[in-house]
Number of protein chains: 2
Amino acid sequence: MADKKGAFVTEITPQSEDFSRWYLDVVKRAELADYSTVKGCMIIRPYGYAIWELMQQALDRRFKATGHVNAYFPLFIPESLLRKEAAHVKGFAPQVAWVTRGGDEELEERLVVRPTSEAIIGMMYAKWIQSWRDLPILLNQWANVVRWEKVTRPFLRTTEFLWQEGHTAHETEREAEDEALRMLGVYRDFAEQELAMPVIDGRKSESEKFAGAVDTYAIEALMGDARALQAGTSHHLGQNFAKVFDITFQARDKSVQHVWQTSWGMSTRLVGGVIMMHGDDSGLILPPNVAPYQVVIVPILRGNWRETVLPHAEALRDELSAAGVRVTLDARDWYTPGWKFAEWELRGVPVRLEVGPKDIEKSQVMSARRDTRDKMAIVRTEIVNRVQALLSEIQQALFDRAHRFRDEHTLNVTSYEEFKGVMDGRPGFVVAPWCGESVCEAAIKTDTQATIRILLMDGSGATGSCVRCEAPAREQAYFAKAY
Amino acid sequence: MADKKGAFVTEITPQSEDFSRWYLDVVKRAELADYSTVKGCMIIRPYGYAIWELMQQALDRRFKATGHVNAYFPLFIPESLLRKEAAHVKGFAPQVAWVTRGGDEELEERLVVRPTSEAIIGMMYAKWIQSWRDLPILLNQWANVVRWEKVTRPFLRTTEFLWQEGHTAHETEREAEDEALRMLGVYRDFAEQELAMPVIDGRKSESEKFAGAVDTYAIEALMGDARALQAGTSHHLGQNFAKVFDITFQARDKSVQHVWQTSWGMSTRLVGGVIMMHGDDSGLILPPNVAPYQVVIVPILRGNWRETVLPHAEALRDELSAAGVRVTLDARDWYTPGWKFAEWELRGVPVRLEVGPKDIEKSQVMSARRDTRDKMAIVRTEIVNRVQALLSEIQQALFDRAHRFRDEHTLNVTSYEEFKGVMDGRPGFVVAPWCGESVCEAAIKTDTQATIRILLMDGSGATGSCVRCEAPAREQAYFAKAY
């Protein structure tokens, strides 16, 4: 806060001028994150962490409601263990941090700081699972992971990040497939209900899927600059890891079989997604469900306000807080109300309430919505109900606005010229039939920078010929430039 | 569970035979933790992790109620940063893990996997704090830390462990001292109320204090084998780190001053503490407040029990669950009720309820307390109130029992012969006056293996002469053999 003292909030770069610069400005000025001296590692400041905590609670509740339990596996993975699954190590080895010394000694075997935990969990499942009666295993882990990134951006791509990784094991292929899709549904519900983030879901192409998976499913959202963000992935791992780590069980028919597995994850990258989906030139706009403060009360500093206004503001705060509203009262007397309005707008608090001598006289409170900037006087006695209604409205309005934006930025195209034209102009989702060949996918990427974000489930809607090579279409694909 | 199938729970080593073996048996058989292939790193299994989650919630609630917020700092600390505070690096450098490679490149500067976060947090505080208006900063972090240990034991001493570390910065020495003691009080309250763990509190001697602190305060508990366990520490850091990291602020009188700091931590070691404080030869005994399941319902499998008994058991479960009781129904038909009784005793569930045809006939439920093994029929219509009352009683009874045990194992001694005699026979706390000299403390450790666990606050009770060297006593000390 210190660098803003006594002055109005310094301007942040307008989105239209430079969206990327706007993002970094908001992250810094809203005190969501800061840089450390370790390249690519961020510090999540209390305001940013509080958003993540609300996300965690909302996700963890959903995991437990679907029968999952939490556990914790080690940070370090021996090199030999990571190397067991060929595709997995190929995908991750180039981007891991290596521990080579412990205390005063050189290690005999190098350790990897986990980039993900399939390997170590696979090893333990082999030990724990013996019979079909031990299945399914439905575990989740909240943890930090490390991927040695060359280009980083706070929340969106950092060397260390926080996430959850679910890891399940099942008797049959069908059960594993159902689980992978069930968790995709949980992610979708979470994104839409809590983050007010409309998403599309589908399957990843071969080139975009998780290293070691049979199928990767994902939800994708369109950010304020119409670039796509992968918001969560759910993998059907088949028996790939089970065969490598020898995870077998005695089946109901007494035969010995390999388990079928899934894994799925969401991370602190979602904090970045919320910023980029809803924010505007004045800063953050937080959906009420994940706003650390849903309401800020700003007392008007006039005359002996400590005696006249402050007690009213405190009573208001206590009343809202008792009703379960996350509320803060900004009673700092070294800032003007005007400065505070701008500051809390920058921080995206959904509702601002102002309390001054005139409001008290009229038994009312002035309210201001962050999303529409609408101001409205609320009768003091109705404040709790009205604020709760306002928060629901804002949550829905943010979702609706984002949904409209996505609709406006989703185009079906049939010719490659049209495709390239769209990608050259305003970005967004381009929906087009695709032949299913990686070579063709790569050529499209080279030509347009767009990648396949998802393929519609079961090839639904794939008719006609591939938008680029004109071979028969096997998939209906969503293309976009992505984060 | 797999290795126990079809058989009664295999015996665990009796406490009296080998307490240390008993501990390891319980950890393994109750499925609290398991070993990984990385030496000293444990896997916290779902049942053990659920205990930790309940501890986290109870602590986090207390931190927030005392005005603290959570944040997250990087896992990696550059070597040069750790080396800034001389005592700090001396204490920690010999036991850290070193990252020397990232991706395909050798790092220019080695990174330490955090053993604790004073250094990186100090660096950020220097950046964030400018004025007295920015103070106090009251932060906490939930994180994993790594200390390269030579001898490890699940929960009690592991290379990687989970903990919380509080880090605060204040205007004055007095405020920092008050904060350090306030958090010691929070720890004491948490241990006694939630873990049913009576503790003594006080100050650490020079040789036992945190590397870089002015004063370390601690709570200590006596385990079932009468050895002491340090359960939580709170450090007054003075201006040591502030001077090294240049954390200054403009004071109210416009002068530039260094902040005063504290740090404080509790870890997964407490799960080990709960096991060793309350357990018996049949396994775990969990205090209801941190028991993943407070109640287990075991249906009696007789005749067509799925039609006659199971619906009653399910109704009972739903009723208790709706009242906020953590309850599980063990309806597995491949285990006998007798096997289940032993299994859930081993897992320390505070209350077992049995439902059979006769109980249904009599409109009652049979209950069994894990701690006393008392059995009692409860009228079905009174079940919720009676179970809630029973859980409170058990929570209190465990605390009282542990308190009596500690009283019986705390002796005031005045002569060194008596001291050595006690330590040779049954261990426990020995309270004795001490001169305050490290040489004397070291000699006592060599002679008896006992260390100073805490010194009473403000030297209270220190009269007469040192128990060993007979110089004038400056402190009243609690000695014990410790974990």
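In this predicted model, the contact between the two chains takes 53 residues from chain B and 53 residues from chain A. On the chain B side, strand S5 (residues 97-102) puts in the largest share, with 6 residues touching chain A. Sorted by class, that side of chain B holds 34 nonpolar, 10 polar and 9 charged residues.

How do the two copies relate to each other? A turn of 180° with a shift of 0.0 Å along the axis lays chain B on chain A, and the RMSD comes out at 0.0 Å. That is what a two-fold axis does. The two copies also use the same surface, as 100% of the contact residues of chain B turn up again in chain A.

Which residue of chain B sits closest to the rotation axis? That is Val99(B), whose C-alpha lies 2.1 Å away from it. Strand S5 (residues 97-102) of chain A is joined to S5(B) by 5 bridges, and the two strands run antiparallel. Across this pairing, Val99(A) stands opposite Val99(B).

The valines at this spot come up again in the interior. The largest nonpolar core counts 296 residues, and those with the most contacts inside it are Val99(A), Val295(A), Ile297(A), Val99(B), Val295(B) and Ile297(B). Take Val295(A) as an example: setting aside residues up to four places away in sequence, Val295(A) touches Leu320(A), Val325(A), Val327(A), Val349(A), Val351(A), Leu353(A) and Val387(A).

Helix H11 (residues 337-346) of chain A has several buried residues: Lys340(A), Glu343(A), Trp344(A), Glu345(A) and Leu346(A). What do the buried residues of H11(A) pack against? Their partners in chain A are helix H1 (19-29), strand S15 (295-299) and strand S17 (351-355). Just after H11(A) comes Gly348(A), with a positive phi of about 75°.

Zooming out, chain A splits into three parts: domain 1 (12-278), domain 2 (293-392) and domain 3 (410-480). The C-alpha centres of domain 1 and domain 3 of chain A are 27 Å apart. These two domains do meet, with 15 residues of domain 1 of chain A in contact with 15 residues of domain 3 of chain A. On the domain 1 side of this meeting, strand S9 (200-203) and strand S10 (215-222) of chain A each supply at least two residues. S9(A) gives the most, with 4 residues. The make-up of that side of domain 1 of chain A, where it touches domain 3, is 5 nonpolar, 3 polar and 7 charged residues.

A final stop is chain B, in the loop between strand S9 (200-203) and strand S10 (215-222), where Ala213(B) is found. Is Ala213(B) buried or exposed? Ala213(B) counts as buried, because 25 C-beta neighbours lie inside 10 Å, and the cut-off for being buried is 20 or more. Apart from neighbours within four places in sequence, Ala213(B) is in contact with His235(B), His236(B) and Leu237(B). Then there is His88(B): it is 125 residues from Ala213(B) in sequence, yet the two are 8.5 Å apart in space, C-alpha to C-alpha.

Key
Residues are numbered from 1 along each chain as its sequence is written. Chains are lettered from A and ligands numbered from 1 in the order in which they are written. This is a predicted model: local features need pLDDT of at least 70, side-chain atom pairs count only at pLDDT 80 or more; totals for chains, interfaces and linings use all residues. Copies are superposed by least squares on the C-alpha atoms of residues with pLDDT of at least 70 in both. Two residues are in contact if their C-beta atoms, placed from the backbone, lie within 7 Å. Ala, Val, Leu, Ile, Met, Phe, Trp, Tyr, Cys and Pro count as nonpolar, Asp, Glu, Lys and Arg as charged, and the others, Gly among them, as polar. Two strands pair if DSSP finds at least two bridges between them. A nonpolar core is a set of buried Ala, Val, Leu, Ile, Met, Phe, Trp, Tyr and Cys residues joined through C-beta atoms within 7 Å. A residue is buried if 20 or more other C-beta atoms lie within 10 Å of its own, exposed if 12 or fewer, and partly exposed in between; C-beta atoms are placed from the backbone. Domain bounds come from an automatic or database domain assignment.
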